[in-house]
Amino acid sequence: LMAGRNEKIKSFESQYDCNLRNSFIPWIGNEMVLYSVPANAVEGVESVSCAYLAIRCNDLADPVSLLNSLSEKLDTSSAVQENNNERDIRQLKSEEIFDLLFGDLFTVIKNPYYIRVDDFVIFCNDKELLNRSLTDISSDRSLSKNISYHNFVSHNFSGKSNITVYSHLPYFSSQLLQMADSTIQAALSGNSELLNKFETFSWQMTNNGKNMFYNNFFLGYNSTGKQNSDALWEITLDTTFSFTPAFIKNHITNTHDVFLQDDNYSVYLVNNKGELMWK
């Protein structure tokens, strides 16, 4: 299998006069995240596969210069695709790079756009989705800030893991069913009401350094079938409110804060991160 993959890499490098491994290996750090946002969770996106790949950088090489050089090899007309806050978004015009380097699991990353954000290089199939992702990152809209995810991880995740898989089942139950054999598919498909009560799924594999691998599986179950809120943030008021919240532009940050009044006539100003500025 490896011999066949090496031959394909050599053929790719010969075709584009490049060194594929040297474009990635020198800067790749100790963390890689392959993730997907379901199409029905992204407004205006009809694509079924909204795939991203984030790779942590080490301090040994500059990833952007190496990737830009590869981008130009793949497409001589490749210029800066877009400028986002003085950072260049470019594209690797190839459908097989990540498949060749990392295996079949990464075939979902095709002709990706890429940009460096802090310690990571983020790849995404769609430029608009990449821009949305950058906006989410800048406003702290990330999985790590999701209270449901935080609670699940704190109770069920090991602090040390070689591979971790996490899925929010209401969005990805159909994709997970496709990974099961026909018998399991039939059993679960016939119990969709029960399946909808499972909220989260995770799997971790950890090597103990002695040729042993430990596997942990967890399923989060909610007997009510009500899904956790996907709100960006939540805040507790002193009482109920009938006043429609108003969005107020912050002249310092150029973001929008939320102004509201509760039924006891207390008023609140909340910033775009859900932090109470004053009451």
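Q: Is R5 buried or exposed here?
A: In this predicted model, R5 is buried, and its relative accessible area comes to 18%, which puts the residue in that class because buried means under 20%.

Q: Which side chain meets R5 in a salt bridge at 3.7 Å?
A: That is D99, with the 3.7 Å taken from N to O. The two residues come from distant parts of the chain, since R5 lies in helix α1, residues 2-16, and D99 in helix α4, residues 97-102, with their positions 94 residues apart.

Q: What about D104, how far apart are the closest N and O atoms there?
A: They are 4.0 Å apart, and R5 forms a salt bridge with D104. This pair also links distant parts of the chain, with D104 in the loop between α4 and β5 and 99 residues separating it from R5 in helix α1.

Q: And is D104 buried or exposed?
A: D104 has 57% relative accessibility and counts as exposed.

Q: Which residues end up linked in the network, then?
A: The network of salt bridges links R5, D99 and D104.

Q: Switching topic, what does D119 pair with?
A: The side chain of D119 meets that of R56 in a salt bridge, at 3.8 Å from N to O. D119 sits in the loop between β5 and β6, while R56 belongs to strand β2, residues 51-57, and the two are 63 residues apart.

Q: How accessible are D119 and R56?
A: D119 counts as partly exposed at 43% relative accessibility, and R56 is likewise partly exposed, with a relative accessible area of 25%.

Q: How many salt bridges does the count come to?
A: The count comes to 9 salt bridges.

Key
Residues numbered from 1 in each chain as written. Predicted model: local features only at pLDDT ≥ 70, side-chain atom pairs only at ≥ 80, totals over all residues. Heavy atoms only, no water. Helix = DSSP H or I, 4+ residues; strand = E, 2+ residues; numbered from the N terminus. Buried < 20%, exposed > 50% of the residue type's maximum accessible area, 1.4 Å probe, protein only.
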